[in-house]
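This report describes a protein chain by its helices, its strands and a few single residues. Please keep the sequence and the 3D view at hand while reading.

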Amino acid sequence: MPPGADASSVAAAVLDAATPPAAAAAASKVLDYLARHVADHPRAFFADAFPSLLYRLFVSSPTSPSFLDLAAAHPALADLLLSLLAPSGPLLTAAAAADRLALIRFVFPSERLPDWLRLALASPSSNDLISPLLSGRVGSDLHLSVFEYYLFWFAYYPVSSASAASPAATSNPALKSRSRLETWVSTLATTAIRKPGQKPESSIYLKLLYAYLREFVPTSRTPPRRTGVGGGGTLLHRTTSDGKDAADSFARAEFFLHTLVQFWLVGDDFSPLPVPTCRALGLQLPSYARAELSERPPSPGLGDAVKLLVMYLNCCDGHALSDATMVSEGMPVWNGVCDAQVGFWNPLIQRPLYRFVLRTFLFCPIGVAIRNTTQIFSVWLAYMEPWKISQQDLDGYGKQQPGEAKEGKKSEMAYNASWKTYVLSNYLFYSSMVVHFLGFAHKFIHSDVASVLQMVYKVLEVLSSSPELLDLLRKVDAAYHLRPVASSPASDDVLKYVPSIREQLKDWEDGLSETDADGSLLHEHWNSDLRLFSYDEHGAYNLLQLLLIRAESEIQRLPGDTQQAIQKLDSIKFQMKKVFQGDIERMHGDTSLVELHNRHQGREEVFTPKHPCSGKSSWADVKYKGDWMKRPISETEVAWLARILIRLSDWLNDVLRLDCADADDSPANATYIRFDRNELNTVGGPKDAARMALVALCSLIVLLGQALLKFMRSHRMKINLRILASKKLLSAAVVLYAVVAVARSASR
């Protein structure tokens, strides 16, 4: 059978596979085809069958899950896919051979790209140097090699959106030409990947991710291999005499990591690049991108993939990789100094990861499962404790190679002075992010008090895990706030990091602020200071104290045994004592932590839970600090209706100028009306009298309306239609309507 006809039959089998046995048969057919045509460099396969294979591997429809999803419960299919998709497997080996001969290029669907990449493709080509992903740009399209095209679909899998599949996606699956098939793939609307709340990644995906990281990304712990894509192992085991192969290896690693970072961490962020870079290039996403963030929960399961990426990159050896630029001249990744314990790749993920975690804490909607957020939370913890990552942890994602050294002794699993530069370079993860997390904890404490307390305990445990780490964080905070401590070489050494930390605070948190209606505790003093060791109203200590007050109230409302929650609360207080007690004793002498806790009892009403507990008599007992119309949406309201009424109220207040005091309160000049003498002699009838009465009534209504608006402006009163979203009010209206309807039917 000719290769073209054979490839078409493979494509048809792949597209028709909707069950695990059918998917296994299709995968076997692909393996058999590649084995039979291994020396033919089959262009027909990549033109006809390859896009269909990627679509079925990584994209699901409502009636047909992807092959990766099907493999989660089918071990035989999982083994076949691992054999097919392995770095040294037949598919990527054939892709490497096709790329060496430049047989074919692909255009990735633009609607599946991150927002800022679509914007960059629509801008002048002078912006191509801002990312290696744009190196293959041709006009407004992104032309990719076979290997790059595969990586894009691989990275797209965990972040794919769940929406209705386009009818065009399945209208003509039996496509026979490359052009028609590429058009079909490129014009697909975003399809439904999986049901809401279903974990998108499976163990096979993490195994593949770890295998690709080991093969394509150079680290000091990756053993040399002479097989796989490119056939030369990793960059660390090459020398400058390897020439083009070494540069290609580095370019492959750089492209792979940039792809993962852009799809997973940056995504639809409206500030994808450092602020100076965006301003220099004129890149700015539309304003609607900021509004959409507040309604977008984190993708289910994405946190597990990001955590593996962070763990692997934190195992990189900066000294060994610092010579990489010798073989990759002309391909700058970033500007910065590479340190042994910072890692060669760390500057690539610092800003995107910080904004990724921060966006999750700020904009995670109330009402979604907190499980997705806890996955992102675990990514943050793993990034803060790179010294706890061992090779055994990574080997859990794949098979350990023979001869690899055993690492990860318990004595090495704690912070030491060698990690000082890493902490200083990532100081905001240990300081500002902690305060933002406490704001998140206040927002979700009423929905899952046990999970929130567990998360708070883990954060405090990280901060108090090492006296040296805590002392370093305090020294940087003192230098940042110009509170010099005793002069020493150690304290002088941290001063040089203060300017970079100030720049990071402005850049990494660019444009990220809590909305007025999200229940934030930090809206008024956003992005202005570091408050981990601040003891003012918005400092971390006070936020923790108030969180404990709210947690005690929520624990009292929990059904069943609450002993475990109470023990966790006591553990948090103990950790707080380790983190803050030294500073508190200097500030308040012999004042104990319990006494300071009691001082905040008077402010408890400010942070009362969003629903009154059994001890509250009415909603009037619940206090809120801020604009009452934009208070957090409670459980007694219809959320979507409340948002609509809030926007309508804002629009009416803006049109009627109720947002500010009336500036036109001065009395208007006298109005003189002149009458025509001829009209005065005309005697009108009842029609004119009725018209005059109607005009007089309308004038009276207008005068009363103006007087009412003047009164509301002077007293700063606003229109608030949000009360109409109350479930009690809506229920009463439904009951009243039912009673009236029954009464009418009975009277008839």
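The text below goes from the whole chain to a small sheet, then to two helix pairs, and last to single residues.

## The chain as a whole

The model is predicted. The chain holds 32 helices and three strands. It has 748 residues, of which 48% count as buried. Consider the contacts between residues at least 6 apart in sequence: 75% of these join residues at least 24 apart.

## The sheet

In what order do the three strands lie in the sheet? The order is S1-S3-S2, the sheet is open, and the pairing is antiparallel. Strand S1 (106–107) and strand S2 (137–138) stand at the edges. Each of these two has a single partner strand, so one side of each has no neighbour in the sheet.

Strand S3 covers residues 141–144 and is joined to S1 by two bridges. In this pairing Phe106 stands opposite Leu144 of S3. Two bridges also join S2 to S3, and here Arg137 has Leu142 of S3 as its bridge partner. S2 and S3 form a hairpin, with two residues between the strands. Gly139 lies in the turn and has a positive phi of about 65 degrees.

Which side chains of S3 are buried, and which are not? Leu142 and Leu144 point to one face and are buried, whereas Asp141 and His143 point to the other face and are not. This fits a general pattern: in a regular strand the side chains alternate between the two faces of the sheet.

## Helix H8 and its partner H3

Helix H3 (residues 43–58) packs with helix H8 (residues 146–156) at an angle of about 20 degrees, and the axes are 10 Å apart. An angle under 35 degrees counts as roughly parallel, and therefore H3 is roughly parallel to H8. Their crossing is right-handed.

On the H3 side the contact involves Phe46, Phe50, Pro51, Leu54 and Phe58; on the H8 side it involves Val146, Tyr149, Tyr150, Trp153 and Phe154. Sorted by type, the residues of this contact are ten nonpolar, no polar and no charged.

H8 is also linked to the sheet described above. Phe106 of the sheet stands opposite Leu144 in S3. H8 packs on the sheet and touches S1 and S3, and its direction makes about 115 degrees with that of S3.

## Helices H21 and H22

A second pair is formed by helix H21 (residues 432–444) and helix H22 (residues 449–463), whose axes come within 10 Å and cross at roughly 165 degrees. Angles over 145 degrees count as roughly antiparallel, so H21 and H22 are roughly antiparallel to each other. The crossing of H21 and H22 is left-handed.

H21 contributes Val434, Phe437, Phe440, Ala441 and Phe444 to the contact, and H22 contributes Val452, Met455, Val456, Val459 and Leu463. The residues of this contact, too, divide into ten nonpolar, no polar and no charged.

One of the residues in H21 is Val434. Is Val434 buried or exposed? Its relative accessibility is 4%, and because buried means under 20%, Val434 counts as buried. With neighbours within four places in sequence left aside, Val434 is in contact with Trp380, Phe429, Val459, Leu463 and Leu532. Val434 and Leu358 are 76 residues apart in sequence, and their C-alpha atoms are 10.0 Å apart in space.

## Two residues with a positive phi

Most residues other than glycine have a negative phi. Ala102 has a positive phi, near 50 degrees, and is not a glycine. Arg657 is likewise not a glycine and has a positive phi of about 55 degrees. The table gives the place and accessibility of each.

| Residue | Loop | Relative accessibility | Class |
|---|---|---|---|
| Ala102 | between helix H6 (90–100) and S1 | 62% | exposed |
| Arg657 | between helix H29 (639–655) and helix H30 (677–680) | 37% | partly exposed |

Ala102 counts as exposed because its relative accessibility of 62% is over the cut-off of 50%. Arg657, at 37%, is partly exposed.

Terms used. Residues numbered from 1 in each chain as written. Predicted model: local features only at pLDDT ≥ 70, side-chain atom pairs only at ≥ 80, totals over all residues. Heavy atoms only, no water. Axes fitted to C-alpha atoms, helices over the stretch in contact; angles between N-to-C directions. Helix = DSSP H or I, 4+ residues; strand = E, 2+ residues; numbered from the N terminus. Parallel < 35°, antiparallel > 145°, perpendicular 65-115°, else oblique. Left-handed = near helix turned anticlockwise from the far one by under 90°. Contact = heavy atoms within 4.5 Å. Nonpolar A, V, L, I, M, F, W, Y, C, P; charged D, E, K, R; others polar. Pairing = 2+ DSSP bridges. Buried < 20%, exposed > 50% of the residue type's maximum accessible area, 1.4 Å probe, protein only.
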